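Student: Please take a close look at the surroundings of the ligand in this model. I should then like to hear about the helix packing and the backbone geometry elsewhere.

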Amino acid sequence: MPATVIVGAQWGDEGKGKIVDLLAQRSDLVCRYQGGPNAGHTITVDGRVYKLRHLPSGIVSGKECVIGAGCVVDPEELVHELDDLEGRGIATDRVRLSGNAHLIMPWHRTIDQASERRLGRLQIGTTRRGIGPAYADKAARLGIRVQDLLDTKILRQKIEVALAEKNVWLERVYGAPPLDLDELAARYEGYAQRLRPYVADTSLLVDRALRQGKRVLFEGAQGTLLDLDHGTYPFVTSSNPVAAAAAVSLGIGPTRIDAVIGVAKAYVTRVGEGPFPTEIEGEEQEQVRRLGAEYGTVTGRERRCGWLDLVALRYAARVNGFTSLALTKLDVLSTFPRLPVCVRYRLRDGSETAEFPAHQSDFHHCRPVYEALPGWREPIQGIDSFRRLPAAARRYVEFVEAAVGVPVTLVGTGADREQVLARGELAAA
Ligand code: IMP
């Protein structure tokens with residue numbers, strides 16, 4: 001498919017990086033369309049682990065990589081990331097950065113941290129990377145953009161105007177020390193010099209690539225349930241991970257998108273606060289966390305673990321328009337004798353629904369209704385084709401497929417690039 005979106009179907013950390021990495025082998029261009037250094041994609045190639053924050057995973061395969069206008073970029077982090085990759089022998093000269101993407105500035109990080117502290121018990125559990133405050137300034141039309149890095153004078157001017165207001169907030173509201181204009185302008189000029197060669201008109205670039213029949217992959221960060229508009233607000237991120245946002249961010253029409261692959265774990269995890277109906281009670285949660293190594297790549301926090309939620313997954317299929325699903329980390333479930341999957345929610349009034357509740361109170365108070373599927377209780381990491389999986393593992397995948405109404409074309413059976421089983425069209429390709 002020439003234009004394919006890859007999107008997280010749950011609360012992020014579904015293993016999108018690995019799926020993008022795999023599909024990037026058959027693509028010409030890989031584009032990130034939202035988020036910033038709150039994302040942490042881990043890719044393992046030949047036993048080498050790469051941790052990416054801003055850059056699309058396709059960088060590891062030497063593909064042309066684009067950061068779209070809908071992203072927020074922390075220049076300090078991006079420079080580190082580029083230097084680190086180059087230091088490990090990965091070329092970065094094919095990275096393209098939209099001039100319309102917004103910059104995360106030091107005050108955004110300070111405000112993110114301070115406002116989380118102020119919220120106390122009611123905190124969102126953000127990654128504290130300044131994501132929310134940077135997107136808030138973008139919407140308020142106060143943001144500094146990547147293209148402002150192109151001109152030293154403009155950059156200094158914009159920092160000066162911003163600081164006049166931000167320093168008042170930092171000192172009076174958050175009790176934080178003010179930031180110094182000269183120091184900041186000099187530091188950001190240094191980043192600007194490093195980043196200038198990467199700035200490009202990414203809308204034109206993607207449009208031309210599609211016209212030439214090239215294969216373009218659009219990589220989402222976080223996941224559907226963290227979407228600012230369609231996720232579990234306010235426990236969400238400040239951008240739109242849903243597939244439609246790929247067109248907005250890259251500046252192409254929605255009619256150009258051919259396929260949308262949803263990536264879901266065979267179970268569910270969530271970092272940060274917020275409702276989570278299928279969160280596992282007791283010892284089994286720790287077991288899933290340990291087997292799945294469920295600790296955040298960005299913050300190192302323990303991820304909360306739950307059984308697969310098919311109500312939420314059907315919702316994700318609806319709001320994204322999945323054309324297929326990738327089900328990752330099936331191997332993590334191999335030791336459990338029975339596997340509960342949530343097929344409906346029981347609401348406070350005792351009624352049951354198979355649809356994701358439109359109102360937050362219903363979602364906050366719902367209870368999962370499970371169907372227990374038999375486990376397979378044998379390792380599956382080394383298995384090289386879907387039909388050789390144990391019957392119970394195949395049945396698990398087919399159950400998901402039937403419940404969501406979307407074909408599962410990829411099944412993850414381990415951390416390595418090779419440990420993905422392709423089915424149907426993909427297996428034939
Ligand atoms: P923020 O994106 O840092 O503002 O955090 C908002 C919410 O999104 C918090 O619950 C975070 O834990 C969550 N979040 C942000 N990025 C990721 C991610 O890459 N994976 C999983 N959760 C994330």
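Tutor: What follows begins at the ligand and then turns to two helices and two loops. The model is a predicted one.

The ligand is surrounded by 16 residues, and the closest are Asp13, Asn38, Thr127, Thr237 and Arg301. By class, this shell consists of 7 nonpolar, 7 polar and 2 charged residues. Aspartate 13 places an N or O atom of its side chain 3.0 Å from a nitrogen atom of the ligand. Asparagine 38 has a polar side-chain atom 2.9 Å from an oxygen atom of the ligand. At glycine 125 the backbone takes part, with a polar atom 3.3 Å from a ligand oxygen atom. Of the 470 Å² of accessible area that the ligand has on its own, the protein covers 96%.

The helix packing concerns H2, residues 75-87, and H6, residues 181-195, whose axes come within 10 Å and cross at roughly 45°. Because of that angle, H2 is oblique to H6. The crossing in which H2 passes H6 is left-handed.

Two points of backbone geometry remain. Most peptide bonds are trans, and most residues other than glycine have a negative phi. Tyrosine 233 and proline 234, however, are joined by a cis peptide bond with an omega of about 5°. Proline 234 is located in the loop between strand E10 (216-219) and helix H8 (244-250). Arginine 141, although not a glycine, has a positive phi of about 60°. The loop that holds arginine 141 lies between helix H4 (131-139) and helix H5 (152-173).

Terms used:
Residues numbered from 1 in each chain as written. Predicted model: local features only at pLDDT ≥ 70, side-chain atom pairs only at ≥ 80, totals over all residues. Heavy atoms only, no water. Near = heavy atom within 4 Å. Polar contact = N/O pair within 3.5 Å; in protein donor to acceptor, adjacent residues only side chain to side chain. Areas by Shrake-Rupley, 256 points an atom, 1.4 Å probe, with all protein chains shown as cover. Nonpolar A, V, L, I, M, F, W, Y, C, P; charged D, E, K, R; others polar. Axes fitted to C-alpha atoms, helices over the stretch in contact; angles between N-to-C directions. Helix = DSSP H or I, 4+ residues; strand = E, 2+ residues; numbered from the N terminus. Parallel < 35°, antiparallel > 145°, perpendicular 65-115°, else oblique. Left-handed = near helix turned anticlockwise from the far one by under 90°.
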